[in-house]
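Me: I'd like to talk through a model I have open, starting with the charged pairs and then moving on to the contact between the chains. Could you keep the answers plain?

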Amino acid sequence: MATSTYLSNLSTLTVNAVSLLDQATNVVFTNTKEQLEATAFGDTSRKYTAGLFNNECTMTLYQSYISSETYQTLAALVGSTTNVVAGVTDGATTKTFTLTGCYLEALPVVNASLGELSTVDITFTGGVYSVA
Amino acid sequence: MKYVIQSEKIGKIGDEFVPDYGINIEALLEGGFISTATETKSSKVKSEPKE
């Protein structure tokens, strides 16, 4: 049966070598290779070919301004590149997904709603994808 | 340049931090996660050789 229920099997989550596993509630790691149209006259169906990789990692983190937590980890990364690593353990199998040199464009510094724990959604784009 | 871990979020405090390729060192220094290791020089003063 092909199911992956995420309870505690996200075993690693680091941004710029800093563990943010205890602040994360959602991670989406996407390996994308851009689709380029290659259809030409005479073709009766559209054809596509692979372009550049354009990888992405999005995550939702609890906002925390205290030492060594979310804000302190991310504030200095805005407008620069870093590494993101997500490790998943599924039974006896562990996969470690890495984006090397991905770019953080924006960081919501305040996201306040009455009566709710504050969270921030961030997106790392680009970088070289690898899996081990 | 050597770096020393200052936060448990990246390893054992006091250990040397060896950055992987792609790690943003400036951000880690700015956030206080690591510090630069200051090399300590020997305080011993060489005495003049005895004749």
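**Charged pairs and the contact**

Reply: In this predicted model, a salt bridge links the side chains of A:Glu69 and B:Lys9, with 3.3 Å from N to O. This pair runs between chains, with A:Glu69 in the loop between strand E6 (56-62) and H1 of chain A, and B:Lys9 in the loop between E1 and E2 of chain B.

Me: And are A:Glu69 and B:Lys9 buried or exposed?

Reply: Both A:Glu69 and B:Lys9 are buried. For B:Lys9 the relative accessible area is 15%, and it counts as buried because that value is under 20%.

Me: Which residues are joined with B:Lys9 into one network?

Reply: A:Asp22, A:Glu69 and B:Lys9 form one network, joined by salt bridges that share partners. In the bridge between A:Asp22 and B:Lys9, the side chains meet at 2.7 Å, N to O.

Me: Where does A:Asp22 lie, then?

Reply: A:Asp22 lies in the loop between E2 and strand E3 (24-30) of chain A, while B:Lys9 lies in the loop between strand E1 (3-5) and strand E2 (16-17) of chain B, so this pair joins two chains.

Me: How many salt bridges does the structure hold over all chains, and how many are found across the interface of chain A and chain B?

Reply: Over all chains the structure holds four salt bridges, and the rule finds two across the interface of chain A and chain B. Another salt bridge is formed by A:Glu37 and A:Arg46, whose closest N and O atoms are 2.3 Å apart.

Me: How exposed are A:Glu37 and A:Arg46?

Reply: A:Glu37 is partly exposed, with a relative accessible area of 44%, whereas A:Arg46 is exposed, at 58%.

Me: OK, on to the interface itself. What area is buried between chain A and chain B?

Reply: About 1200 Å² is buried between chain A and chain B, and carbon and sulfur atoms give 55% of that area. On the chain A side, A:Asn16, A:Ala17 and A:Ala76 supply 35% of the area that chain A buries against chain B, which is more than any other three residues supply.

Me: How many residues does the contact take from each chain?

Reply: It takes 16 residues from chain A and 15 residues from chain B. Polar contacts are found there too, in nine residue pairs across the interface of chain A and chain B, counting pairs with both residues at pLDDT 80 or more.

Me: Which elements give two or more residues to the side of chain A that touches chain B?

Reply: They are strand E2 (18-19), helix H1 (70-74) and strand E7 (80-90) of chain A. E7(A) gives the most to that side, with four residues. By class, the side of chain A that touches chain B has four nonpolar, 10 polar and two charged residues.

Me: Switching to chain B on its own, what elements are there?

Reply: Chain B has one helix and three strands, and from the N terminus on they run β-β-α-β.

Me: How much of chain B counts as buried, and how much area does chain B expose?

Reply: Of the 51 residues of chain B, 27% count as buried. Chain B exposes about 4300 Å², and carbon and sulfur atoms supply 49% of that.

Me: And what share of its contacts link residues 24 or more positions apart?

Reply: Among contacts in chain B with a separation of 6 or more, residues 24 or more positions apart account for 43%.

Technical notes. Residues numbered from 1 in each chain as written. Chains lettered and ligands numbered in written order. Predicted model: local features only at pLDDT ≥ 70, side-chain atom pairs only at ≥ 80, totals over all residues. Heavy atoms only, no water. Buried < 20%, exposed > 50% of the residue type's maximum accessible area, 1.4 Å probe, protein only. Contact = heavy atoms within 4.5 Å. Areas by Shrake-Rupley, 256 points an atom, 1.4 Å probe, with all protein chains shown as cover. Buried area = accessible area lost by both parts, 1.4 Å probe. Polar contact = N/O pair within 3.5 Å; in protein donor to acceptor, adjacent residues only side chain to side chain. Nonpolar A, V, L, I, M, F, W, Y, C, P; charged D, E, K, R; others polar.
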